[in-house]
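Subject: Structure handover and notes

Dear colleague,

Please find below the structure that I promised to pass on to you. My notes on what was found in it follow directly after.

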Amino acid sequence: MAAISRRTMLGQTVSVAAAAMATNLPLAAWAKRRDPKPWVPLGKLAAARGIDFGMAVNPHRLADTPSYGELLARECTIVTPENAMKWEALHPARDRYDFQQADAIVDFAAKHNIKVHGHTFVWHRALPPWVAREATDKASAETILREHITAVMQHFKGRVLSWDVVNEAIQPKDGLPGNMRNSFWYEKLGPEYMDIAFDAAHKADPKAVLSYNDYGLEYANRVDTAKRQTVLTMLRELKKRGVPITALGMQSHLRATGEKFGPDLADFIHEVHSMGLECWVTELDVDDSRVIAADDHSRDMQVADVYKQYLDLVLGTGCVNTVVTWGVWDQVRAVGAEAGVATNIGKSQRPLLFDSNGQPKQAAWDAAESFREAPRCKR
């Protein structure tokens, strides 16, 4: 007898119907998923393996859409703001901070006993114009950077337990030593801007987990392989200099295009963990803009396969202790690390685990299975 595909294994009709009624899901939706187990929140499944699961939050949706907050409260043990803690949102003028949107996320998380991961202090984008006007030399740039990090971390001290201190510092095509990105902070402070940022963050909150966060680390291709080596070298040098970095964030903007994740990704994660660093998946989504599919179900199957392959690999290392998706539920938008600047990126249709009605898609069921099957994380 031929083996039954995981896409066609339906389970018993009675069990399917009962499970559908238990979670208010249409019976047809359950008939397309792998097995008829009742839905268990992803955060609960992940926590059983010593892993936090969460989502990136839009404070406007949190304020105006009750079901958005309900989904977050049910599924998450950690959240991160999409944009509310970036410079332009948080620090519009040198003498003025605006914590309203960020506080809304942090207050919601506290109410529901959810952790908060802050994002981000040092990035080549999202700087308000006043920074370039006032950071006229090295000394003033360092003062402004330290002041910002200190003020923000002290405001959230004890409520935001981890931070992306430096984001996307690597860009080989810029031709700088160490493959560093030619960013505003690099131009003003040189490569030591990373040391300055981590030092300021550690002094402001010595207990916080402090992360370097980047994209393009996931695939078994020449570019990603080279970037993994660059990041390993950079992390070793930071540790050697005594920089107080304690985690690596792998953004994990994936693509539903049949590309492969190689075994060297697992080796990379083990090497990072061996340095004493936590390993995080921080911005997980799957770009389906190039998928040719006759219907949403076919599209969802392709997206789900990518989630399953990736989560099985990274969680299988036992070294990844946090998984955060870049968004809560599907909306048509450009996704990926360069989505905000590239003009040739198509819009993704269904890149996340939950659909636009907040219902778990096949990707969510497959993520649930990945958490169930994962070894307990070695923190």
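I begin with W163, which has a relative accessible area of 1% and therefore counts as buried, the limit for that class being under 20%. Please keep in mind throughout that this is a predicted model.

The partner of W163 that I would look at beside it is F121, since the ring centres of F121 and W163 lie 4.6 Å apart with their planes at 25°, so the two rings form a stacked pair. This pair links distant parts of the chain, for F121 belongs to strand β3 (residues 115-122) and W163 to strand β4 (residues 162-167), with their positions 42 residues apart in sequence. F121 has a relative accessibility of 0% and is therefore buried. The two rings also belong to a cluster, in which ring pairs link Y97, F99, F121, F156 and W163.

Strand β3 holds further residues that deserve a look. G118 is placed in this strand, and at 0% relative accessibility G118 is buried. If neighbours within four places in sequence are set aside, the residues in contact with G118 are T80, M85, V160, S162, W163 and D164, so that W163 appears here once more, as a contact of G118. The C-alpha atoms of G118 and F156 are 9.2 Å apart, while in sequence these two residues are separated by 38 places. T120 is also found in strand β3, and the peptide bond that joins H119 to T120 is cis, with an omega of about 0°.

Ahead of strand β4, in the loop that runs from α9 (138-156) to β4, you will find R159. With a relative accessible area of 32%, R159 is classed as partly exposed. Apart from its neighbours within four places in sequence, R159 is in contact with D103, V106, D107 and V116. R159 and A110 stand 49 residues apart in sequence, and the distance between their C-alpha atoms is 7.7 Å.

Two residues other than glycine have a backbone worth checking when you open the model. A126 is not a glycine, yet its phi is positive, at about 65°; A126 sits in the loop between β3 and α8 (129-134), and with a relative accessibility of 16% it counts as buried. S252, likewise a residue other than glycine, has a positive phi near 70°; its place is the loop between β6 (247-250) and β7 (253-255), and S252 is buried at a relative accessible area of 0%.

Turning to the aromatic residues in general, the structure holds 13 aromatic pairs. One of them is formed by W39 and F354, whose ring centres are 6.1 Å apart and whose planes meet at 85°, so this pair is edge-to-face. W39 lies in the loop between α2 (27-30) and α3 (42-47), whereas F354 lies in the loop between β9 (320-325) and α15 (362-373), so the pair ties together parts of the chain that are 315 residues apart in sequence. W39 and F354 are both buried. Elsewhere, K227 lies over the face of the Y215 ring, at 3.9 Å from the ring centre.

As for internal space, the count comes to one cavity of 30 Å³ or more, and the volume of the largest cavity is about 40 Å³. Its lining is made up of V122, W123, H124, V166, N167, E168, A169, R181, S183, W185 and Y193. By type, the lining of the largest cavity consists of six nonpolar, three polar and two charged residues.

For the chain as a whole, the secondary structure comes to 15 helices and nine strands. Of the 379 residues in the protein chain, 54% are buried. Among the contacts between residues at least 6 apart in sequence, 77% join residues that are at least 24 apart.

If you have time for one region, I would suggest opening the model at strand β3, where F121, G118 and T120 can be viewed together.

With best regards

Definitions and conventions:
Residues are numbered from 1 along each chain as its sequence is written. This is a predicted model: local features need pLDDT of at least 70, side-chain atom pairs count only at pLDDT 80 or more; totals for chains, interfaces and linings use all residues. Side-chain values use heavy atoms; hydrogens and water are left out. On a 1 Å grid over the protein atoms alone, a cavity is a set of points where a 1.4 Å probe fits but cannot get out, and a pocket is an open set with protein on both sides within 12 Å along at least five of seven lines; lining residues have an atom within 4 Å of a point. Grid points are joined across faces, edges and corners, and a volume is the space filled by probe spheres set on the points. Ala, Val, Leu, Ile, Met, Phe, Trp, Tyr, Cys and Pro count as nonpolar, Asp, Glu, Lys and Arg as charged, and the others, Gly among them, as polar. Rings of Phe, Tyr and Trp (its six-membered ring) pair if their centres lie within 6.5 Å; planes under 30 degrees apart count as stacked, over 60 as edge-to-face and the rest as tilted. Helices (H or I, at least four residues) and strands (E, at least two) are DSSP runs, numbered from the N terminus. Buried means under 20% relative accessible area, exposed over 50%, partly exposed in between (1.4 Å probe, protein chains only). A charge sits over a ring if NZ of Lys or CZ of Arg is within 6 Å of the ring centre and within 35 degrees of the ring normal. Contact means heavy atoms within 4.5 Å.
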